[in-house]
Amino acid sequence: QVQLVESGGGSVQAGGSLRLSCVASGYTYSSNCMAWFRQAPGKEREGVAVIYSTDSTRYADSVKGRFTISQDNAKNTLYLQMNSLKPEDTAMYYCAKILSVYCHRYASLEPANVGNWGQGTQVTVSS
């Protein structure tokens, strides 16, 4: 079955950097769209970034220019490089496999379009 395992979360000061990883198994990684979501306490889960099988990407406005999503198909691994972190980036970050029918640039990045979730990794940014 599909498994997504995140790592790399932690606590940093504002302005710092973290790199999240997500190792995928149980399916053909390279033919799918993958994404990162996050959920802060008391808030809804929101899409952060998505990467398509062509390696093209799309980001939420709140992280553009600071976060970079990438993948290594040979390692079945998804990454999220987070720079210039802000306290408002504090959240649980989730790796997600997008349902095939929503694997295109015109689909919105929302939780309803996700087929599988990882368990999450906590990111805490202090001011």
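# Pocket, cavity and salt bridges

The largest pocket is lined by Arg38, Gln39, Ala40, Lys43, Glu44, Glu46, Pro87, Glu88, Thr90 and Ala91. This is a predicted model. Two residues of that lining, Arg38 and Glu46, also meet in a salt bridge. The briefing starts with the open and enclosed spaces, then turns to the surface, the charged pairs and one strand residue.

**The largest pocket**

- The space in the largest pocket comes to about 150 Å³.
- Five charged residues take part in its lining, along with three nonpolar and two polar ones.
- Among the charged residues of the lining are Lys43, Glu44 and Glu88.
- Pro87 and Ala91 are among the nonpolar ones.

**The largest cavity**

- The model has one cavity of 30 Å³ or more.
- About 50 Å³ of space lies in the largest cavity.
- Its lining consists of Val50, Tyr52, Arg58, Ile98, Tyr102, Ala107, Ser108, Leu109 and Asn113.
- Here six lining residues are nonpolar, two are polar and one is charged.
- The charged residue of this lining is Arg58.

**A nonpolar surface patch**

- Leu99, Val101 and Tyr102 make up a nonpolar patch on the surface.
- Together these residues have about 260 Å² of accessible area.
- Where does Tyr102 lie? Tyr102 sits in the loop between strand S9 (91-98) and strand S10 (114-117).
- Is Tyr102 buried, partly exposed or exposed? Its relative accessible area is 34%, so Tyr102 counts as partly exposed.
- Tyr102 therefore belongs to the patch while being partly exposed, and Tyr102 also helps line the largest cavity.

**Salt bridges**

- Side chains of opposite charge can pair when their charged atoms come close.
- The model has four salt bridges.
- Glu46 and Arg38 form one of them, with N to O at 2.7 Å.
- The two partners differ in cover: Glu46 is partly exposed at 36% relative accessibility, whereas Arg38 is buried at 6%.
- Asp61 pairs with Lys64, and their closest N and O atoms are 3.1 Å apart.
- Asp61 is exposed, because its relative accessibility is 65% and the cut-off for exposed is over 50%.
- Asp89 pairs with Arg66, and here the closest N and O atoms are 2.7 Å apart.
- Why does this pair tie together parts that are 23 residues apart in sequence? Asp89 lies in the loop between strand S8 (77-82) and S9, while Arg66 lies in the loop between strand S6 (57-59) and strand S7 (67-72), so the bridge links those two loops.
- Both partners are buried, because Asp89 has 1% relative accessibility and Arg66 has 11%, and buried means under 20%.
- Arg38, Glu46, Arg66 and Asp89 are joined into one network by salt bridges that share partners.

**A buried residue in strand S5**

- Val48 is part of strand S5, which covers residues 46-51.
- Is Val48 buried or exposed? Val48 has a relative accessible area of 1%, so Val48 is buried.
- Val48 and Ser62 are 14 residues apart along the chain.
- The C-alpha atoms of Val48 and Ser62 are separated by 8.1 Å.

Terms used: Residues numbered from 1 in each chain as written. Predicted model: local features only at pLDDT ≥ 70, side-chain atom pairs only at ≥ 80, totals over all residues. Heavy atoms only, no water. 1 Å grid on protein atoms, 1.4 Å probe; cavity = no way out; pocket = protein on both sides within 12 Å on 5 of 7 lines; lining within 4 Å. Points joined across faces, edges and corners; volume = space filled by probe spheres on them. Patch = residues over 30% accessible without salt bridge, like charges linked within 9 Å, V, L, I, M, F, W, Y side chains within 5 Å. Areas by Shrake-Rupley, 256 points an atom, 1.4 Å probe, with all protein chains shown as cover. Salt bridge = Lys/Arg side-chain N within 4 Å of Asp/Glu carboxyl O. Helix = DSSP H or I, 4+ residues; strand = E, 2+ residues; numbered from the N terminus. Buried < 20%, exposed > 50% of the residue type's maximum accessible area, 1.4 Å probe, protein only.
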